[in-house]
Amino acid sequence: MRGYLFDLDGVLTPTATVHMHAWARLFTPYLAQHGAAPYEEGDYFSYIDGKPRYDGVRSLLESRGIHVPEGEVTDPPTADTVHGLGNRKNEAFNETLADEGVAAYPASVAFLDAVQASGCRVAVVSSSKNAPSVLAAAGLADRFGVVVDGAVAARDGIPGKPAPDTFERAAELLGLPTTACAVVEDAESGVKAGAAGEFGVVIGVDRGVGREVLEALGADIVVDELDELIPLLRPTPDDTPREERA
Ligand SMILES: O=P(O)(O)OC[C@H]1O[C@@H](O)[C@H](O)[C@@H](O)[C@@H]1O
């Protein structure tokens, strides 16, 4: 591989858990108030994990047969609209992030160090509009020149995961064909996105979804921690034209 396209939440940083708790803080009381089946941890993995914020709201509400107006991105967190509910969850996420901070997974940083040392290009591909602040809080912001996050996707009209388009855009920005890039994902929607494109390899990181599920959705390799892959890395030939090399 000549490029690695890393998901953020759950792959580089343990913030999938922060998102998971924030969604539970939103939907546990909300579903109870609406007399719907209670919110469970499995709902996060099935309907929300890895998707853009408002797609997660739509998907979960659809699972319970609840319909609310779309509203606007500017809706206050108190509004019972798709956007208001998403904004309510975002408040909970930012409160936790501010209270607890975030430390990257050491094994993921070790793998990132190794792929960069081997000459590979790297990008972050996250559905989250909070990706820049999470990267900064984890001390990883200066490691990635290419970040295709939820804000970039919304700005450019790129469909979110499980569509492969955000990963494809990152490969393009790295100047690499998708077939030369690995997708690294922990979420069902993210592995589906990798499998839906023409990528060199889809690496699943099992943070709770389960090895069998990730494989069935299209992961070529599944690891518990990314540093398991370091012994398999090979130096990447420098394909920069001679006259452009430093
Ligand atoms: O609400 P945000 O920060 O834009 O994030 C959207 C989604 O981003 C993904 O990276 C997370 O896996 C999801 O849990 C989250 O809902």
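**Around the ligand, and how the helices pack**

In this predicted model, the ligand is surrounded by 18 residues, and the closest of them are His-19, Arg-53, Ser-128, Lys-129 and Asn-130. Sorted by character, the shell comes out as five nonpolar, nine polar and four charged residues. Helix 1, helix 3 (53–63) and helix 4 each put at least two residues into that shell, and the packing of these helices is a good place to go next.

Two packed helices are described by the angle between their axes and by how far apart those axes are. Helix 1 spans residues 15–33 and helix 4 spans residues 82–100; they pack at an angle of about 130°, with 8 Å between their axes. That angle makes helix 1 oblique to helix 4, and the crossing is right-handed. On the helix 1 side, the contact is built from Val-18, His-19, His-21, Ala-22, Trp-23, Arg-25 and Leu-26. Across from them, helix 4 offers Leu-85, Arg-88, Lys-89, Ala-92, Phe-93, Thr-96 and Leu-97. Eight residues of this contact are nonpolar, three are polar and three are charged. His-19, then, takes part in this contact and also counts among the closest residues to the ligand.

Helix 3 meets helix 4 too. Here the angle is about 115° and the axes lie 9 Å apart, which makes helix 3 roughly perpendicular to helix 4. Again the crossing is right-handed. Arg-53, Tyr-54, Val-57 and Arg-58 from helix 3 come up against Val-82, His-83, Leu-85, Gly-86 and Asn-90 from helix 4. This contact divides into four nonpolar, three polar and two charged residues. Arg-53 belongs to it and is another of the closest residues to the ligand, while Leu-85 of helix 4 is met by helix 1 as well as by helix 3.

Moving along the chain, helix 9 (residues 188–196) has Glu-188, Ser-189, Gly-190, Val-191, Ala-193 and Gly-194 buried. What do these buried residues of helix 9 pack against? Their partners are helix 2 (41–48), helix 8 (165–174), strand 4 (181–185), strand 5 (201–205) and helix 10 (211–217).

A couple of details round off the picture. Val-109 sits in helix 5 (residues 106–117) and is partly exposed, because 19 other C-beta atoms lie within 10 Å, where 20 or more would count as buried. Its C-alpha atom is 8.7 Å from that of Leu-226, although the two residues are 117 residues apart along the chain. Most peptide bonds are trans, but the one from Lys-161 to Pro-162 is cis, with omega near 20°. Pro-162 is in the loop between helix 7 (150–156) and helix 8.

Key:
Residues are numbered from 1 along each chain as its sequence is written. This is a predicted model: local features need pLDDT of at least 70, side-chain atom pairs count only at pLDDT 80 or more; totals for chains, interfaces and linings use all residues. Axes are lines fitted to C-alpha atoms, for helices over the stretch in contact, and angles run from 0 to 180 degrees between N-to-C directions. Helices (H or I, at least four residues) and strands (E, at least two) are DSSP runs, numbered from the N terminus. Angles under 35 degrees count as roughly parallel, over 145 as roughly antiparallel, 65 to 115 as roughly perpendicular and the rest as oblique. A crossing is left-handed if the near helix is turned anticlockwise from the far one by less than a right angle, and right-handed if clockwise. Two residues are in contact if their C-beta atoms, placed from the backbone, lie within 7 Å. Ala, Val, Leu, Ile, Met, Phe, Trp, Tyr, Cys and Pro count as nonpolar, Asp, Glu, Lys and Arg as charged, and the others, Gly among them, as polar. A residue is buried if 20 or more other C-beta atoms lie within 10 Å of its own, exposed if 12 or fewer, and partly exposed in between; C-beta atoms are placed from the backbone. A residue is near a molecule or strand if its C-beta atom, placed from the backbone, lies within 6 Å of it.
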